[in-house]
Amino acid sequence: MKRAAELRQVSDWSDFARGHRLRELLDQRRPAEAPGRVVASPDGQHLLLLWNQPPCPPRIVAFQRLGTDGGALERSWQPPQPPVAGLLFLEGCGGAAAWVLAVVWEQGRTELWHLVPAVGWHLLQSLELSCGGRARIVSICNWGSRLVWCEERPPLNVQQTPEKRAFRYCICTRDIQMGEKGAQLSPLRIVLHNSPAYQVLASSSGVFLVPTPATFSGVAKCVLIWRWENTDIVVAAPSRECISTKVLHPGKEVDFKKLILKYVGILASMEILDIHSCSLSPSRGLLLVTNSGVVDLVQPNGLWRPVFDFGESDLILGVGVQLKVFGDTLACLLGGVLCLVDLNSRQLLEKKLLSTEMLLLDFHAQEEEAAVLQLLGPNGIYHLDFSETGKDHQPEPTLVEMVFEEACKYYQRRSLSSSQLTVEKLKKGGMFQAPIALSSILSHSLASKDKKNGALPEPYAKLLSTMQLEMQSYQNLEFLKSCVVGASKNEVDNYGEELVEQELNRLLHLDLNRENLVYMNTIFSSFPVASWKAIQTHLQLQQNGDGLLIARATPDVWKKILGGPVPCLGKQETSLNGVVPLFELICLSLYQFKPKWLPRFVELSQQYVGTSWAYNKEGPEGGVPLYKRALAVLTRKSSCSVDYPEMEIELLLCSQRPKAILQALDLLIRHRRWQHVMDAAEKFSRLSPLLNKEIFIVLLGEFAQHRALDPYLDMLWELYPSDLSASDILSIIQQHLPQTEHNHPPFLPDGAPHLTVGLLKPLLHRLACCSASQNEIYTDVLQGPSFPPPTPPRHQQVAAKKTPAQEEVVRRTLHDHTQGTLFEGK
């Protein structure tokens, strides 16, 4: 929308004490007589004018608004006083002294002035910042009570080469603590030594070190950023952005030559930063204007963003360019021309020709950008107002249409129906692929409206709240990507883990179509360790007090893992064209990094499937059961800390399925792990009588073949199913007795013991007891109250005497089958 900017005068100096004198000092025709710098106090009630051009002595004149307690300040310092290096406003100790003016000279001497109500300006204290008598401050800045400056330390050897003399600067810092008894300086700390000359500018995120004309040309190609919260130094260049990041260790200083030595080759291929002017935007970063008319924004993380190109012809030789950000607009004052640039679209909004040269007035707002642009001229102070005109006065429909139009462009789809494409449809379909582009329309266009009205209309609030999480996710992702560039190996590993975790979190909230699944496969293969840690976080995998694995994942995460595409049995590769489903990816990570957790994870997955989906062809197990999918994973991984057969057995047992359990028992028997065989048989025989019967038949056959199960006969007989008769038992034993030769030796080879009736006696007693109990049941059924009591049956007596007969039958049967082998030793 088009906006018209209008300058409105808010002060003609009549609201300032000695306003006529102030007008005269500002309206000087000779450049040498005009003040070199005009600054405003943090409260906006005082204006300070500084003359600092040799050979004239340094001079400061202060003016205050009417109604403000205090007095005038007009002070000059006679030679041999050096030039003033900077005027700084420091945080006071509270009460009346909310701020303190610091006048810093080049040799390091500092005077602290504060305003006493009803008395006037008072010299509070004098301090010495520099420790060396030959040091010279070339640039100084502050953020709150922290001072940072670039200090020249001339060497004792005056015969040094120009290259060595160029690296005789240091970046120093000190804190000034203001108290009721005066100011106290913290110890001097050198952040960077052997440094070239830099101009320093401080913000809440760090200090920008900008090359100056005095900077050695070989290194005047990049900007350094000292981030005190991150305790590191970032080297940034326009073509390479963030070149490197150097971590600062407590109590140690950084050698500039060592810092830049390994990037000499990169710097040699870069052009010199031909900086014309620079300014600081506390909320955005550093603004640079080159001599070719290009305006760039350098962010604290080292990212370099082009803003606008004025062209070399618009720059006036010898006249500095003043830059000021207010809201989403960049104001560039080039002599008597004011240019307004939209920071979002990087388009020139307006170019205004001013009737007189003005200065951008900065009220020292460190915490946030000023919402109004203020200009200072000889006739007073002016505000720049934007007025909305014509049809553009109703922004709501226009903005909503713009959002939908941008959405259609970025998502490359059009609505085939007459219904409008809504944000809900975009979000539901997982189509937010350009949230930053869309959010810039909202967040920047609505910033001023939000501040003025406090609440957004419904269309704005709905759009902004819908995209807020997407915006934050993408911003975090871009920030991590920028931090990885130039970081050390340990830092890259940490950033990589955080990056993978954010990416998996984003993908788990989208539909796992083929494109997203391919991307997830790439992440798992490229960053296996980071992916394993991310899976632990999202599934909350941990062991409880009993050492048992538990997972506290949300239902949405479980459905993404188990409800994705399912391969067909034996066609895992061809059905998905080589793309591994998410469940298999997690099993691969478990098998690689924590194999003992894999069976339990499969068991937890089956439990969730049983409680969330009905077991049918449409469920997540419609293609292949989960335990078989996990078994298929074992063939993908050639090396692991747990042997393949062991893991296969555990996965088969955790399936809780009869065929799989019997298959696991067969593997255990094959590996002759009898204790494990009996433990598994005792545990899983309780699942169903049919499974108990199958397990007993298998183990009875093993018992008939060899004597390895003899120590576990008590456990084996406990598994006896009551529906097996004596003939069934004999048939099983006959089928599994080892084959013997007709001319067999008197003893079995290897001293193997014989199968004797004594080993079968406990089983035969169980057979007898079970038969007796069954007969008693049938007797109770035949009895009834309407019939006379029958003759006492003889079946009980026969049954009681049946045990010796059964023993004789078994003895004869075994003797006939083995041709006397069992009883030759008798």
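Here are a few notes on one helix, one sheet and some salt bridges in this predicted model.

1. Helix α19 is a good place to begin. With 13 residues (658-670) at 1.5 Å a residue, α19 should span 18 Å, and its end C-alpha atoms are indeed 18 Å apart, so the two agree. Just past the helix, R672 adopts a positive phi of about 55 degrees.

2. The surroundings of α19 are worth a look too. Its buried residues are A660, I661, A664, L665, L667, L668 and I669. They pack against α17 (626-634), α18 (644-654), α20 (674-684) and α21 (689-705).

3. Next, do have a look at the open sheet of four strands, ordered β25-β26-β27-β28 and paired antiparallel. β25 (321-326) and β28 (347-353) are its edge strands, each with a single partner, so one side of each has no neighbour in the sheet. On average, neighbouring strands are turned by 20 degrees against each other, direction ignored. Within the sheet, β26 (residues 329-334) and β27 (residues 337-342) share six bridges, and L334 has V337 as its bridge partner in β27.

4. The loop between β25 and β26 brings in a salt bridge. Its D328 pairs with R284, with the closest N and O atoms 3.2 Å apart. R284 sits in the loop between β21 (275-281) and β22 (285-290), so the pair ties together parts 44 residues apart in sequence. Both ends are buried: R284 has a relative accessible area of 19%, and D328 one of 16%.

5. Finally, D710 and R707 form a salt bridge at 2.9 Å, N to O. Here D710 is partly exposed at 23% relative accessibility, whereas R707 is buried at 14%. Elsewhere, R18, R21, R59 and E74 are joined into one network by salt bridges that share partners.

Methods: Residues are numbered from 1 along each chain as its sequence is written. This is a predicted model: local features need pLDDT of at least 70, side-chain atom pairs count only at pLDDT 80 or more; totals for chains, interfaces and linings use all residues. Side-chain values use heavy atoms; hydrogens and water are left out. Helices (H or I, at least four residues) and strands (E, at least two) are DSSP runs, numbered from the N terminus. The expected span of a helix is 1.5 Å times one less than its number of residues. Buried means under 20% relative accessible area, exposed over 50%, partly exposed in between (1.4 Å probe, protein chains only). Contact means heavy atoms within 4.5 Å. Two strands pair if DSSP finds at least two bridges between them. Axes are lines fitted to C-alpha atoms, for helices over the stretch in contact, and angles run from 0 to 180 degrees between N-to-C directions. A salt bridge is a side-chain nitrogen of Lys or Arg within 4 Å of a carboxyl oxygen of Asp or Glu.
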